[in-house]
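Q: Please take a close look at one part of this structure. Then describe what surrounds it, for a reader who is meeting it here.

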Amino acid sequence: MSARLWHIASNTFREAVRDRVLYNLVAFAILLSGAAILVGQISISIEKLVVINLGLTTVSLFGVVIAIFVGIGLVSKEIEKRTLYTVLSRPVRRWEFIVGKFFGLAGTLVVNTFFMAIGVFVALFYVAHKFTRPDALIFVALYFIILEFLIICALALLFSSFSTPLLSAVFAFSLFVIGTYADDLRAFAGMTTGITRWITSGLAYVVPNFSAFNVISAVAHGEPLSTVLILHNTIYALFYSGLALSGAVLVFEHRNLK
Amino acid sequence: MAAIEILGLEKTYLAGFWRNRPKRALFPLQLTVEDGEIFGFLGPNGAGKTTTLKLLMGLVFPTAGSARILGHAWIDPEVKAQIGFLPEQPYFYDYLTAHELLNYYAQLSGVAANQRKRRIDEVLVRVGLTDVAGVQLRKFSKGMLQRAGIAQAILHDPKLIFLDEPMSGLDPIGRREVRDLIQELKAQGKTVFFSTHILSDAEALCDRVAIIHQGQLRGVGAVQELTSSVQGKIEVTWYGTQIPSAIKALGAECHSTGEITRVALNENQQDAAIDALRRDRLRLISITPLRTSLEAYFVEKLQCAETSAGAKA
């Protein structure tokens, strides 16, 4: 990684911290501790299931919201406020700026997820009083959530490189929703014929397949996850986010900063 | 070697919903700025000054033409390590302190880690922000932001500095300090290219100026040459408010300010005026040739442009 890229990434991380993005951790802590106390009192033997499901879903949702809402402003805000002028008038390549921003936001989300993961394990220990071997699968679920964030960050940056923040948010959120149901879309494509089949199949393979990353329920039930799935998801996330990031770089390289 | 060679740079934007209405922001521009000079780029608001600077900084891409900066292609990122840029009405990352901002820019400019602190401290002193180095920029006034902007432009000791309206937002003392700074940069052998619509600043500072209006270059030349074209007139001043009848007879209008009176005359009336003052025992203060001011030159160029545009229409 070039030194400039690293400096841009660390400045992006600092911006997120100073703009109080990590304050969401407080809301998360309140939600999770409240839920842990509540399920500890009302449920019988499904406390772990509830805490894991609720905890990981919240980690995912909070992260997606941060990825979209911070991601869409990463480029447009710099253009609008003209802070970009004094950056690009230095020996900084445009691609370094985009990739640096991506790593900065991804880093923010990893740190955010790390602290939330601690919260999930604390809540889990509170309701179960011990950890068991299948609980280690939570790490895999968290890893998949982070891979999901990488894709969303790259998509938000891609939209942010050519569109307004509002439209970028709409595009990114729509893709997230459609991608969450990508498996259903593929199943639907299988049931259709002719041109509809071509279109729906094409769409199903173009949108990010977030459903493959959602193993929260399986992890909560202690079901094993295959190494092949981990490998496939890793390759898929790196490929998809790389593609979206390349698109963002391509657009930004030719953009006039009026 | 010329510090800047602009070789027919032009910019046309496509306006309208379908981007089918071409709007020319800059007509092909030919301009050379010599090494070590202070060059003023003058024009009214919306003339194309900022577009030219953005083109040179690689922030917008030209429709045609090219440029060379310090002997290299203007799009070469490495040449940017040797230039400083202050945008018009700069806005910076307001969550950073002035020191953090300069440190970030020093990192991006490739200032060696062991020199960063010294350079930052030096420029903070130079622009008078030492006392607020630890304050977040969101608490800065417009003038303080302008000073921070100047600091980031000279931070990495560039050979060539582009300043877009550097006096904007500054109080009289701040303006004076910026003027001193620009002259100091010239004394250090640096080239300064600055855009402004404040003609007195340009007249006081620049070696040469170019005038741009409606995206077209209207004139370029040394300030001394532009302002030294004698109009064949002289100004005579003397003590007292008494006006000799012989001077009155020349038909010129006299103006008295306090105890001093002045009159503008044709050069061939000089001897008659001196004789008249001597006869009336009035004390002559000065006889000076009347020069064209930069403002007069500027207005003339703009009027020429408007007249020719009107004729075409």
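**A sheet of chain B and its surroundings**

A: Strands β4(B) and β5(B) run antiparallel and are joined by 2 bridges. This is a predicted model, in which local features need pLDDT of at least 70 and side-chain atom pairs count only at pLDDT 80 or more, while totals for chains, interfaces and linings use all residues. Residues are numbered from 1 along each chain as its sequence is written, chains are lettered from A, and ligands are numbered from 1 in the order in which they are written. Strands (E, at least two residues) and helices (H or I, at least four) are DSSP runs numbered from the N terminus, and two strands pair if DSSP finds at least two bridges between them.

Within the pairing of β4(B) with β5(B), I69(B) has H72(B) of β5(B) as its bridge partner. These strands belong to an open sheet of 4 strands, ordered β2-β1-β4-β5 in chain B, whose pairing is antiparallel. Its edges are β2 and β5 (72-73) of chain B, each of which pairs on one side only.

Strand β1 (residues 2-15) of chain B runs antiparallel to strand β2 (residues 21-34) of chain B, and 11 bridges link the two. One partnership here is that of K11(B) with L26(B) in β2(B). Together β1(B) and β2(B) make a hairpin with 5 residues between them, and G16(B) in the turn has a positive phi of about 90°. Strand β1(B) is also joined by 5 bridges to β4 (residues 64-69) of chain B, again in the antiparallel sense. In that pairing, E10(B) is opposite A64(B) of β4(B).

A helix accompanies this sheet. Helix α1 (residues 49-57) of chain B lies across β1, β2 and β4 of chain B, and its direction is at about 70° to that of β2(B). Axes are lines fitted to C-alpha atoms, for helices over the stretch in contact, and angles between N-to-C directions run from 0 to 180 degrees. Residues are in contact if their C-beta atoms, placed from the backbone, lie within 7 Å.

Chain B also holds an open sheet of 6 strands in the order β6-β7-β8-β3-β9-β10, with mixed pairing. There the edge strands, each pairing on one side only, are β6 (83-86) and β10 (216-222) of chain B. From one strand to the next, the twist averages 15°. Inside this sheet, β3 (residues 38-42) and β8 (residues 191-196) of chain B pair in the parallel sense over 5 bridges. F41(B) has S195(B) in β8(B) as its bridge partner. Helix α5 (residues 172-187) of chain B packs on the sheet, where it touches β3, β7 and β8 of chain B, and its direction makes about 150° with that of β8(B). Helix α4 (residues 142-154) of chain B lies across β6 and β7 (160-164) of chain B, at about 165° to β6(B).

At the level of the whole chain, the domain assignment (with bounds from an automatic or database assignment) divides chain B into domain 1 (2-226) and domain 2 (230-291). The centres of these two domains, taken over C-alpha atoms, are separated by 45 Å.

Chain B also meets chain A. The contact takes 23 residues from chain B and 21 residues from chain A. On the side of chain A that touches chain B, the elements giving two or more residues are α1 and α5 (83-88) of chain A. That side divides into 6 nonpolar, 6 polar and 9 charged residues; Ala, Val, Leu, Ile, Met, Phe, Trp, Tyr, Cys and Pro count as nonpolar, Asp, Glu, Lys and Arg as charged, and the others, Gly among them, as polar.

Within chain A, helix α1 (residues 3-18) and helix α6 (residues 94-128) have axes that come within 7 Å and cross at roughly 45°. That angle makes α1(A) oblique to α6(A), where under 35 degrees counts as roughly parallel, over 145 as roughly antiparallel, 65 to 115 as roughly perpendicular and the rest as oblique. The residues in this contact include I8(A) and F13(A) of α1(A), and F97(A) and L105(A) of α6(A). They divide into 9 nonpolar, 7 polar and 3 charged.

Conventions. Two residues are in contact if their C-beta atoms, placed from the backbone, lie within 7 Å.
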